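I sat down with this chain to look up how confident the model is, how its rings pair and what its nonpolar cores are made of.

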Amino acid sequence: MPQSGNHLHLSAQTDPVTMVVTDASAHLPRLYNASEILGDAHTGLTLQIAPDQARYLGTVLRKKAGDHVRIFNANSGEWLARITEIRKDKGFFELERQLRAPTQQPTLVLAFALLKRDATDLVLRMGTELGVTHFMPLITERTNTHRINPDRLHAIATEATEQCERFDVPQIESPQSFTDFLASWPQEHRLFAAVERGEDRAIHTPSLLPNAHAGDGFLVGPEGGLSDRECQMMLKYSCITPISLGPLVLRADTAVAAGLALIGCSLRSAAVLSQ
């Protein structure tokens, strides 16, 4: 890492398409700080390092006073910060300059049937990296688990946010029934639903995803798919667009990644066309 105490000089540049920092600062640790902590960010502002971040920086990364990090949130953007003091679970940052101004992430909802712990963790991580802004865990007829650990899932989403260069940490809603979810879905937004072979043979699902827009969502059922009753209930809603993810039957977590990649591509294409 090209750094030497207080004499680190970085020239912040961003790729105009991806808005990802492309200079040496891209290799610095990136830490999320909530808006209420970062507040009115400005050059020279001193911030206390959160205990878990201080332990991570000092114990895991072996950082010391004079080293630099990047801190960010959705309201303040991303800032270059210098560690002025660090010991055990305490320390302080000083903001030096803004590296990236905040940009708005298009709203993208992922509604998914709760899976086993490891699979749910993977859905949170991949969904965050693929642009999900709202996670909505669902309880379906074939769901095996009905509980989540909100703090744990928030920590997973935060870690993925730090890794993937986005500004906002996704919201994670409390689990709700499949029926309640359908009844509350805003009818002005489309909900793309992954439909397995045989879930409804009368429905011809498109192999190519229609243009998605901010606010649309993606629905993935549990392992084994939605029940016949749930499929029939779902298809009564005109806002729901059933889609095919190909001829193979995918695991639920794999289906999440495949569908979100298609929707993300469609969202980016729509954004480029609107410019």
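The entries below follow that order, from confidence to rings to cores.

**Entry 1, confidence.** I am working from a predicted model, so I looked up pLDDT before anything else. The chain has a mean pLDDT of 85, and 84% of its residues reach 70 or more. Going through the elements, I noted that strand 7 (residues 134-139) has the highest mean pLDDT, 98, whereas helix 7 (residues 252-274) has the lowest, 80. I marked two stretches for caution: over residues 1-19 the pLDDT stays under 50, although the model has 42 contacts beyond four places in sequence for them, and over residues 199-204 it also stays under 50, with nine such contacts.

**Entry 2, aromatic rings.** I looked for paired rings next, and the count came to three aromatic pairs. One of them joins Phe 112 and Phe 135 edge-to-face, with 6.4 Å centre to centre and 90° between the planes. Phe 112 belongs to strand 6 (residues 109-113) and Phe 135 to strand 7, so this pair ties together parts that are 23 residues apart in sequence. I then checked accessibility against the cut-off of under 20% for buried: Phe 112 counts as buried because its relative accessibility is 2%, and Phe 135 counts as buried because its value is 0%. Phe 181 and Trp 185 form a tilted pair, 5.8 Å centre to centre with 55° between the planes, and both of these residues are buried.

**Entry 3, a charge over a ring.** I also looked up Arg 30, whose charged end sits over the ring of Phe 72 at 3.7 Å from the ring centre.

**Entry 4, the nonpolar cores.** Which residues of the largest nonpolar core touch the most other members? I found that, of its 26 residues, these are Leu 110, Phe 112, Leu 124, Phe 218, Val 220, Leu 260 and Ile 263. At least two residues of this core come from each of strand 6, helix 3 (117-129), helix 4 (150-164), strand 10 (191-194), strand 11 (217-220) and helix 7. Helix 7 gives the most, six residues, and I set this beside its mean pLDDT of 80, the lowest among the elements. I followed Leu 124 further: leaving aside neighbours within four places in sequence, its contacts are Phe 112, Phe 135, Leu 153, Ile 156, Ala 157 and Ile 172, and the list therefore includes both rings of the edge-to-face pair, Phe 112 of strand 6 and Phe 135 of strand 7. Apart from the largest core lies another, of 18 residues, including Phe 178, Val 195, Met 233 and Ile 240.

Key. Residues numbered from 1 in each chain as written. Predicted model: local features only at pLDDT ≥ 70, side-chain atom pairs only at ≥ 80, totals over all residues. Heavy atoms only, no water. pLDDT = per-residue confidence, 0-100. Helix = DSSP H or I, 4+ residues; strand = E, 2+ residues; numbered from the N terminus. Contact = heavy atoms within 4.5 Å. Phe/Tyr/Trp six-rings, centres within 6.5 Å; stacked < 30°, edge-to-face > 60°. Buried < 20%, exposed > 50% of the residue type's maximum accessible area, 1.4 Å probe, protein only. Lys NZ or Arg CZ within 6 Å of the ring centre and 35° of its normal. Core = buried A, V, L, I, M, F, W, Y, C linked by side-chain atoms within 4.5 Å.
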